Amino acid sequence: MPRRKLLKLATFNVNGIGARLSQLLSWLEVEQPDVVALQELKALDQAFPAAQLEDAGYGAIWHGQRSWNGVALLGRGVTPVESRRGLPGDHSDAQSRYIEAAVHGVIVGCLYLPNGNPQPGPKFDYKLAWMRRLQRHAGSLVGLPAPVALLGDFNVIPTDADVYDPGAWRKDALIQPESRQVWRQLLQQGWTDALREVFEDEQVYTFWDYFRQHAERDRGLRIDHLLLNPVLAAGLQEAGVDRWVRLQEKASDHAPTWVRVRI
DNA sequence: ATGACTCATCGCATGAGA
């Protein structure tokens, strides 16, 4: 028998690493994920709290940006070995939205897909162009003979089952047919949508906006996703959303979302 | 149809988020 280990991989849009550091640290301590993909750091590289994360037992790589965007990868007890920062296909794209590394034997892409609102318009065009670049890059990863995961805030509501009220979001970039079509094309490459695989028909959300007590009332969206290539999907054991984090005071509007896999 | 919240920024409002 080959040696096997159980790994917990998580994605968490923190909506400002500065405003969320204490919550991030307490979540890490309670849940002890092995690999964490973070989005929306909203901080310059020099403001990333590497020392505090190191004290908490996590090595990190990050790609910051002033005010907006920003992504990072954390490894429990290890520093991720970076393989890429930025999606290929557009050298003029200066937004910090993708970082990739080997962590605990898994190739992990951490992504923050553009929101795309308002649509139609240039921001929606940028979203779709970014998605096509992601599709191309994902196509080069899915068939590797190694475990690969794409983790992040995809800003796509895959189906009407992934939103509390499809009608309320009808004009939003997250739910447009064009966005969903590229999502489906990603899955057709062979990726497994881990949360949907585990929850099947059960309702599960990862984001609840700050308005009208949507978190408390569980009126949310499923937009944070974990895509597993066939090698990794073969070891999928469990998946979940740490909604308790979203219900805390001063929470991000997203909750940490995770899978447990045997590799 | 709008705005409700929240974060970051040389802020006393604005842009962006989703």
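Start by selecting S67, which is partly exposed, with a relative accessible area of 37% (buried means under 20% relative accessible area, exposed over 50%, partly exposed in between, with a 1.4 Å probe and protein chains only). S67 sits in the loop between strand 3 (58-63) and strand 4; helices (H or I, at least four residues) and strands (E, at least two) are DSSP runs, numbered from the N terminus. Its phi is near 75°, a positive value in a residue other than glycine.

The model is predicted: local features need pLDDT of at least 70 and side-chain atom pairs count only at pLDDT 80 or more, while totals for chains, interfaces and linings use all residues. Residues are numbered from 1 along each chain as its sequence is written, chains are lettered from A and ligands numbered from 1 in the order in which they are written, and side-chain values use heavy atoms, with hydrogens and water left out.

**The DNA strand**

Keep S67 displayed and add DNA strand B. Of the 27 residues around this strand, S67 is one of those that come nearest, along with E40, N115, F211 and R212; a residue is near a molecule or strand if one of its heavy atoms lies within 4 Å of it. Sugar and phosphate account for 70% of the atoms of DNA strand B that come within 4 Å of the protein. By class, the surface near the strand has nine nonpolar, eight polar and 10 charged residues. Here Ala, Val, Leu, Ile, Met, Phe, Trp, Tyr, Cys and Pro count as nonpolar, Asp, Glu, Lys and Arg as charged, and the others, Gly among them, as polar.

Next select R66, D153 and N155. Each has a polar side-chain atom facing a phosphate oxygen of DNA strand B: at 3.3 Å for R66, at 3.2 Å for D153 and at 3.0 Å for N155. A polar contact is a pair of N or O atoms within 3.5 Å; within protein, one must be able to donate a hydrogen and the other to accept it, and residues adjacent in sequence count only if both atoms are side-chain atoms.

**Salt bridges**

The whole structure holds 10 salt bridges, a salt bridge being a side-chain nitrogen of Lys or Arg within 4 Å of a carboxyl oxygen of Asp or Glu. Select D162 and R196, whose side chains form one at 2.6 Å, N to O. The pair links distant parts of the chain, with D162 in the loop between strand 8 (148-153) and helix 4 (177-188) and R196 in helix 5 (residues 194-199), 34 residues apart. D162 is buried, at a relative accessible area of 1%.

Move to R243 and D218, where the N to O distance of the salt bridge is 3.8 Å. R243 is in helix 7 (residues 243-246) and D218 in the loop between helix 5 and strand 10 (224-228), 25 residues apart. R243 is partly exposed at 26%, and D218 is partly exposed at 26%. Back at D162, add D193, R196 and R222: salt bridges that share partners join these four into one network.

**The cores**

Select L9, L73, L221, V259 and V261. Of the 41 residues in the largest nonpolar core, these touch the most other members; a nonpolar core is a set of buried Ala, Val, Leu, Ile, Met, Phe, Trp, Tyr and Cys residues joined through side-chain atoms within 4.5 Å. Strand 7 (residues 106-112) gives this core its largest share, four residues. Apart from it lies another core, of 22 residues, including Y98, L128, A138 and L150.

Centre on L221. Beyond its neighbours within four places in sequence, L221 is in contact (heavy atoms within 4.5 Å) with residues including D162, W169 and F207.

**H104 and V78**

H104 lies in the loop between strand 6 (98-103) and strand 7 and is buried at 18%. A polar atom of its side chain lies 3.0 Å from the backbone oxygen of R76. V78, in the loop between strand 4 (71-76) and strand 5 (81-85), touches G59, V103 and H104, not counting residues up to four places away in sequence.

**Backbone geometry**

Most residues other than glycine have a negative phi, and most peptide bonds are trans. Select N117 to P120 for two exceptions: the bond from N117 to P118 is cis, with omega near -5°, and a cis bond joins Q119 and P120, with omega about 0°. P120 lies in the loop between strand 7 and helix 3.

Finish at K250, in the loop between helix 7 and strand 12 (257-262). Its phi is near 55°, a positive value, and K250 is exposed at 68%.
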